[in-house]
2 protein chains.
Amino acid sequence: MKFSADDILDAAARVVLTRSGSPPVAEIAREVGAPVGSVYYRFASRDELLVSLWLRSVRDFQQGFMAACRLEPAADAVVAAARHIPVYCREHPAEARAMTLYRQAELVRAAPESLRDEVATVNDQVNALSLELTRRRYGVADEWRTTLLTTATRQCPYGLVRPHLGGPIPDWIDDATAACARAIAALGD
Amino acid sequence: MKFSADDILDAAARVVLTRSGSPPVAEIAREVGAPVGSVYYRFASRDELLVSLWLRSVRDFQQGFMAACRLEPAADAVVAAARHIPVYCREHPAEARAMTLYRQAELVRAAPESLRDEVATVNDQVNALSLELTRRRYGVADEWRTTLLTTATRQCPYGLVRPHLGGPIPDWIDDATAACARAIAALGD
DNA sequence: GACAATTTAGAACATGGATTCTAAAACTGT
DNA sequence: ACAGTTTTAGAATCCATGTTCTAAATTGTC
């Protein structure tokens, strides 16, 4: 087996880092050193390849994020989870870029049949942890506070990092992220 | 003149609102009720059309943003400028979506020759105001504090709004944006 | 070593969509 | 009304890229 699925995904990740938008199959093939036919031997379609890359990247990211969510006390967990986003993106630029290829909400409808289920459930564990974190932080986990913490730990940090993806992520972003996370979380007190 | 440039841009804006990514020329033509040839009579290329739309949307957005930047005292201006972003995106969903079509940094290189200059200078006025606002807010406008205020008034608000573009923008986003703006701005004190 | 299954190769094909082209229609000024 | 200019029309062309196909090479098995 000259070209494993992971070899191809690794190459795809490298390519994604160097261009904006989704790369053509031919470019991924060139990067891994295979003809396009070989790529199609592993993946049924370009979509399946890129969505697989997205899934793999998201899962890799979630590991550290979930670890941060479990910290005590809850207030620290919120800040740590938020900080994890710029930190992860700095250390894993290719995965970070790959995660921007799709948004989960769209993929649930648009992903190839074979990956639809994985896409639909990929956030389940994280969402469960978010709910638990909300309960720990506020005592209750009503919808409003859950949304608030999701914003503080995910949306806002991601929004701050996003413009830097593709280049180096300045260190001060981490502090700005932490400050925002605290400020947003405080709205629920 | 059956189809003015602005008619076509208006149609393009409407189309952009209904799909993710840049629309095909044929779809814009259909929306304005013209054959594709007529679209190409007004715009040299699809890129020129879409970059024009981007420019028009950015300029429309900047009006209110700059007004907010001029408020006194400076601390209020920071919060008002930040808030302007979710407010504008809520009231002008099509323009908001159009602004996401490109990032200025990329366009400076990639835009059609004829629009390159406009793209390069489109932020000049806003940047000048940001610098002045920084001076008012902190007494000095060193690079660090200028970056901080740009993050507080633009990057962070935009990051918070972004996931909601295409749908309704919840009202609480405005408060989260304001809280973040204050928190980030405070890092420079 | 021979046979089967897997994997690689890359040329051929298909398609969506941008762009061009030419003719017709609609204006404009005289 | 006429000549000239602008604008509309939409079919034809072109191109990038995704996908398929068939043959060759490799690997695994008895």
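A polar contact is a pair of N or O atoms within 3.5 Å. The views below come from a predicted model.

**View 1. Backbone atoms of the protein meet phosphates of DNA strand D.** A polar backbone atom of Phe3(B) lies 2.8 Å from a phosphate oxygen of DNA strand D. Lys2(B) places a backbone N or O atom 2.5 Å from a phosphate oxygen of this strand. Chain A takes part through Val25(A), where a polar backbone atom is 2.7 Å from a phosphate oxygen of DNA strand D.

**View 2. The protein surface around DNA strand D.** How many residues surround DNA strand D? The count is 15, and the closest are Val25(A), Tyr40(A), Arg46(A), Lys2(B) and Tyr41(B). By class, 9 are nonpolar, 3 polar and 3 charged. Helix H3 (36-42) of chain A and helix H3 (36-42) of chain B each supply at least two residues of this surface. The largest share, 5 residues, comes from H3(B). On the DNA side, 67% of the strand D atoms within 4 Å of the protein belong to sugar or phosphate. The rest belong to bases.

**View 3. The protein surface around DNA strand C.** Here 14 residues surround the strand. Lys2(A), Phe3(A), Val25(B), Tyr40(B) and Arg46(B) come nearest. The surface has 8 nonpolar, 3 polar and 3 charged residues. Which helix gives the largest share of the surface near DNA strand C? H3(A) does, with 5 residues. Of the strand C atoms within 4 Å of the protein, 70% belong to sugar or phosphate and the rest to bases.

**View 4. Polar contacts to DNA strand C.** The side chain of Tyr40(B) has an N or O atom 2.6 Å from a phosphate oxygen of DNA strand C. In chain A, a side-chain N or O atom of Tyr41(A) is 2.9 Å from a phosphate oxygen of the strand. Gly37(A) meets a base: a polar backbone atom of Gly37(A) lies 3.5 Å from a base nitrogen of DNA strand C.

**View 5. An edge-to-face ring pair in chain B.** A search of the whole structure finds 6 aromatic pairs over all chains. In one of them, the ring centres of Phe61(B) and Tyr88(B) are 5.4 Å apart. Why is this pair edge-to-face? The ring planes stand at 75 degrees, and the cut-off for edge-to-face is over 60. The pair links distant parts of the chain. Phe61(B) sits in helix H4 (residues 46-69) and Tyr88(B) in helix H5 (residues 74-91), 27 residues apart. Phe61(B) is buried, with a relative accessible area of 12%. Tyr88(B) is buried too, at 5%.

**View 6. A ring cluster in chain A, and arginines over tyrosine rings.** Ring pairs join Phe61(A), Phe65(A) and Tyr88(A) into a cluster. Elsewhere in chain A, Arg145(A) lies over the face of Tyr138(A), 5.6 Å from the ring centre. In chain B, the charged end of Arg145(B) sits over the ring of Tyr138(B), 5.6 Å from its centre.

**View 7. Salt bridges in chain A.** Side chains of opposite charge can pair when their charged atoms come close. The count comes to 28 salt bridges over all chains. One of them joins Asp175(A) and Arg83(A), with the closest N and O atoms 2.9 Å apart. This pair links distant parts of the chain: Asp175(A) is in helix H11 (residues 172-186), Arg83(A) in helix H5 (residues 74-91), 92 residues apart. Asp175(A) is partly exposed at 41% relative accessibility, and Arg83(A) is partly exposed at 28%. A second salt bridge joins Glu113(A) and Arg116(A) at 3.7 Å, N to O. Both residues lie in helix H8 (residues 113-121), 3 residues apart, about one turn of the helix. Glu113(A) is exposed at 61%, whereas Arg116(A) is partly exposed at 28%.

**View 8. A salt bridge from helix to loop in chain B, and a network in chain A.** Arg90(B) and Asp171(B) form a salt bridge, their closest N and O atoms 3.6 Å apart. Arg90(B) is in helix H5, while Asp171(B) is in the loop between helix H10 (143-161) and helix H11 (172-186), so the pair ties together parts 81 residues apart in sequence. Arg90(B) is partly exposed, with a relative accessible area of 28%. Asp171(B) counts as exposed at 57%. In chain A, salt bridges that share partners join Asp6(A), Asp10(A) and Arg56(A) into one network.

Terms used: Residues numbered from 1 in each chain as written. Chains lettered and ligands numbered in written order. Predicted model: local features only at pLDDT ≥ 70, side-chain atom pairs only at ≥ 80, totals over all residues. Heavy atoms only, no water. Phe/Tyr/Trp six-rings, centres within 6.5 Å; stacked < 30°, edge-to-face > 60°. Helix = DSSP H or I, 4+ residues; strand = E, 2+ residues; numbered from the N terminus. Buried < 20%, exposed > 50% of the residue type's maximum accessible area, 1.4 Å probe, protein only. Lys NZ or Arg CZ within 6 Å of the ring centre and 35° of its normal. Near = heavy atom within 4 Å. Polar contact = N/O pair within 3.5 Å; in protein donor to acceptor, adjacent residues only side chain to side chain. Nonpolar A, V, L, I, M, F, W, Y, C, P; charged D, E, K, R; others polar. Salt bridge = Lys/Arg side-chain N within 4 Å of Asp/Glu carboxyl O.
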